[in-house]
Amino acid sequence: MNNLLIFLFCDRHMKRFFLVLAVALPLFFTIQSFNEQPSSDAIAADTLCFSRDILPIFNSNCAMTGCHDVSSHQSGYRMTTYSGVKAGIVANNANSSSFYRQIINKTMPPFPYLAVPDSFRTRILTWINQGAKNTTCTDATCDTSNVTYAKDIKPIIQLNCVGCHQSSLAGGGIFLDVDADNEAQKVTIYAAAEHMSSSNMPKNITEKISSCQISSVLNVFCKI
């Protein structure tokens, strides 16, 4: 009788244990999956363009001299083209994408370079989850009548320039991560963007930034 009571007691509690386990395990792994990556909900589906929104991040933050540009190609990677970036990306699977993992873990770019900003990491995640497509875009509309430095020009500089031109390790001795100093360098910035200087920018990419972006820079910096 005692053995039967013990069996019934243990059997009842074991069933309860396995019921709790069955509910808890899926919840645990769901929580884990949310913790692995930042949310990409803020970016609407299929609105990202590789040439405009993704390549400049890798070019500015990874293709510096001595790293992953055409000349240096550390570890065999050249992050100045779609094929070069795609070499470390698995479409629809950010966790299996080595370039994304290194950016998220902040092992790349290496110290003393600044970490890739959160907004850019989310942008890369979204692009991967949307299939890591090689898309090229043009400006559908261009209105430069009401542009400002903070709203329009600073994001262009942040995306295309700051990865190389930052105070901690400024390429060519020019740093562009301090707003107050960019006014003094406005002619240099515009000339480089318009490919009118000895150091055309963005470096490593033959195409200029868009004509609308160049017009915006000219409008703000030269008050035209």
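# A guided tour by selection

Helix 2 and helix 5 are oblique to each other, and this pair is the place to begin in what is a predicted model. Select residues 50-62 for helix 2 and residues 118-129 for helix 5, and you will find their axes 10 Å apart, with the two helices packed at an angle of about 125 degrees. Angles of 65 to 115 degrees count as roughly perpendicular and those over 145 as roughly antiparallel, so the angle of this pair falls under oblique. If you turn the view to look through one helix at the other, the crossing of helix 2 past helix 5 is left-handed.

Next, show the side chains where these two helices touch. On helix 2, pick F50, D53, I54, I57 and F58, which meet F120, R123, I124 and W127 on helix 5. Coloured by class, this contact of helix 2 with helix 5 has seven nonpolar residues and two charged ones, with no polar residue.

Keep helix 2 selected and move on to the largest pocket, which holds about 890 Å³ of space. To centre the view, select S51, R52, I209, S210 and Q213, the residues that lie nearest the centre of this pocket among the 36 that line it. Which helices each supply at least two residues of this lining? They are helix 2, helix 6 (149-160) and helix 9 (211-222), and helix 2 gives the most, with seven residues. Colouring the whole lining of the largest pocket by class gives 12 nonpolar, 15 polar and nine charged residues.

Two of the helices that contribute to this lining, helix 6 and helix 9, also form a pair worth selecting together. Their axes come within 10 Å and cross at roughly 125 degrees, which makes helix 6 oblique to helix 9. Helix 6 passes helix 9 in a left-handed crossing. For the contact itself, display Y149, I153, I156 and I157 of helix 6 together with Q213, S216, V217, V220 and F221 of helix 9. Sorted by class, the residues of this contact are seven nonpolar and two polar, with no charged residue.

Stay with helix 9 and add helix 8, residues 186-193, whose axis is 10 Å from that of helix 9, the two packing at an angle of about 160 degrees. Angles over 145 degrees count as roughly antiparallel, and helix 8 and helix 9 are therefore described as roughly antiparallel to each other. Here too the crossing, of helix 8 past helix 9, is left-handed. The side chains to show are K186, I189, Y190 and A193 in helix 8, which meet I214, V217, L218 and F221 in helix 9. By class, this contact of helix 8 with helix 9 has seven nonpolar residues and one charged residue, with no polar residue.

Now leave the packed helices for an enclosed space. How many cavities of 30 Å³ or more does the count give? The count comes to one, and the volume of the largest cavity is about 80 Å³. Select N59, N160, C164, M201 and K203, which lie nearest the centre of this cavity, among the 11 residues that line it. The lining of the largest cavity divides into five nonpolar, five polar and one charged residue.

The tour ends with two places in the backbone. Select N92, in the loop between helix 3 (82-86) and helix 4, and inspect its phi angle, which is positive at about 65 degrees although N92 is not a glycine. Then follow the chain to P109, which is found in the loop between helix 4 (98-104) and helix 5. What kind of peptide bond joins M108 and P109? The bond is cis, with an omega of about -5 degrees.

Technical notes
Residues numbered from 1 in each chain as written. Predicted model: local features only at pLDDT ≥ 70, side-chain atom pairs only at ≥ 80, totals over all residues. Heavy atoms only, no water. 1 Å grid on protein atoms, 1.4 Å probe; cavity = no way out; pocket = protein on both sides within 12 Å on 5 of 7 lines; lining within 4 Å. Points joined across faces, edges and corners; volume = space filled by probe spheres on them. Nonpolar A, V, L, I, M, F, W, Y, C, P; charged D, E, K, R; others polar. Axes fitted to C-alpha atoms, helices over the stretch in contact; angles between N-to-C directions. Helix = DSSP H or I, 4+ residues; strand = E, 2+ residues; numbered from the N terminus. Parallel < 35°, antiparallel > 145°, perpendicular 65-115°, else oblique. Left-handed = near helix turned anticlockwise from the far one by under 90°. Contact = heavy atoms within 4.5 Å.
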